[in-house]
Amino acid sequence: MATVEIRNVAKSYGPTDIIRDINVQVPDGAFVVLVGPSGCGKSTLLRMIAGLEDIDKGEISIGGRVINDVEPKHRDIAMVFQNYALYPHMTIAENMGFSLRLAKQSKAEIDQRVGEAARILGLTDYLQRFPKQLSGGQRQRVAMGRAIVRQPQVFLFDEPLSNLDAKLRVQMRGELKDMHARLKTTTIYVTHDQIEAMTMADLIVVMRDGVVEQTGAPLELYDHPANMFVGSFIGSPAMNFLTGTVRHDGGQQTFETASGFRLPVDAAVGALDGLTATLGIRPEHLQLAQTGQGLGGKIVTIEPTGSETFIVVQLGGDRISALLRQRLMASIGDEIWLMPQAGTTHLFDSATTRRLG
């Protein structure tokens, strides 16, 4: 195991900056997820750690050793790609042990490592089969097993679950976390799926346009997003945003929306009376309220799922979504009133998009 330190790293392709002065520290044994929209630079950063892309500026170290000019095969890392890239003419055991044969390890050592990896991943009964005889999830396990047998200092995963169906992705998330708990190997995982990031990571690095927007534990990012981008990206369904004005009347702090509704403000922003701001409210933090309290509007979308009901409500010139943890006997066009749960709203500066309070 080893720490991974990324210091002032930059990468450009011609005039286009892909990575811009990024600093990230991955603790020894941690499971760190790089998350962000397509094109934010997360896969490029992972490939720079692996040695598949050159570093234009800054340095990357693994276990205290700067590896900028170290060949990929000497970095003591193992990478799992989105594509399984298994050899179709080799058995599962041969696929998993191929890198060890190239390294001229003894047959006894190869069998021992392959057997242990197969046990961890539940592949013991499949070692003599060929890739075409396995399901997609089993093939991805083989790709992970091929990385495990190398016993590297660092695992690198580049969107390894994106080719799987929704049910298999959920299953494989659990298996990856279980594998990490057993091996305790430093792991860096790239995904654009924030649900994967929230459920798997010890630490999340949120990226956008080649920069790090925020780094923190999953619930830290969910509860205290540094800006509107992080607030909207972390959490599903996405956070609602209402533009309005901060008011401070008689010792009570409120937020007045553009549609004229007033809500209590959780942040201590009394000195910002009159500031144009944006209030963030997560759909799951809205609850039914009495007529005239909170936010009132007409239902324009309703999606019952049994235990929950997802609705979209038109509030004058604004639309918000709400995820109600109950069945709702209502129809499109009905009037409804919603109130945020106490202590759950987020206030942002509309000009800078940064969090206030």
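In the predicted model, helices α4 and α5 pack at an angle of about 20°, with 11 Å between their axes; since angles under 35 degrees count as roughly parallel, the two helices are therefore roughly parallel to each other. The crossing of α4 and α5 is right-handed. On the α4 side, the contact is made by Gly137, Gln140, Arg141, Met144 and Ile148, whereas α5 contributes Leu168, Gln171, Met172, Glu175, Leu176, Met179 and Leu183.

Helix α4 comprises 13 residues, from 136 to 148, and reaches 18 Å from its first C-alpha to its last, close to the 18 Å expected at 1.5 Å a residue. This helix is mostly covered, with 10 of its 13 residues buried. Glycine and polar or charged positions are found in the buried set, including Gly137, Gln138, Gln140, Arg141 and Gly145, alongside Val142, Ala143, Met144, Ala147 and Ile148. Besides α5 (166–183), the elements against which the buried residues of α4 pack are the helices α2 (92–102) and α3 and the strands β6 (77–80) and β7 (154–158).

The largest nonpolar core has 45 residues, and those with the most contacts inside this core are Met96, Phe157, Leu176, Met179, Tyr189 and Val206. Helix α3, which spans residues 107–121, gives the most to the core, with six residues. Apart from this core lies another, of 31 residues, among them Val4, Ile19, Cys40 and Met207. In soluble globular proteins, nonpolar side chains tend to be buried together.

Two of the residues named for the larger core may be followed in further detail. Methionine 179 lies in helix α5 and is buried, with a relative accessible area of 3%, a value that falls under the 20% cut-off for burial. When residues up to four places away in sequence are not counted, methionine 179 touches Ile120, Leu121, Ile148, Phe155 and Phe157. The C-alpha atom of methionine 179 is separated by 36 Å from that of alanine 322, a residue 143 places away along the chain. Phenylalanine 157, with its neighbours within four places in sequence left aside, is in contact with Leu46, Val80, Met144, Leu176, Met179, Thr187, Ile188, Tyr189 and Val190. Among these partners, Met144 belongs to the α4 side of the contact between α4 and α5, and Leu176 and Met179 to the α5 side.

Technical notes
Residues are numbered from 1 along each chain as its sequence is written. This is a predicted model: local features need pLDDT of at least 70, side-chain atom pairs count only at pLDDT 80 or more; totals for chains, interfaces and linings use all residues. Side-chain values use heavy atoms; hydrogens and water are left out. A nonpolar core is a set of buried Ala, Val, Leu, Ile, Met, Phe, Trp, Tyr and Cys residues joined through side-chain atoms within 4.5 Å. Buried means under 20% relative accessible area, exposed over 50%, partly exposed in between (1.4 Å probe, protein chains only). Helices (H or I, at least four residues) and strands (E, at least two) are DSSP runs, numbered from the N terminus. Contact means heavy atoms within 4.5 Å. The expected span of a helix is 1.5 Å times one less than its number of residues. Axes are lines fitted to C-alpha atoms, for helices over the stretch in contact, and angles run from 0 to 180 degrees between N-to-C directions. Angles under 35 degrees count as roughly parallel, over 145 as roughly antiparallel, 65 to 115 as roughly perpendicular and the rest as oblique. A crossing is left-handed if the near helix is turned anticlockwise from the far one by less than a right angle, and right-handed if clockwise.
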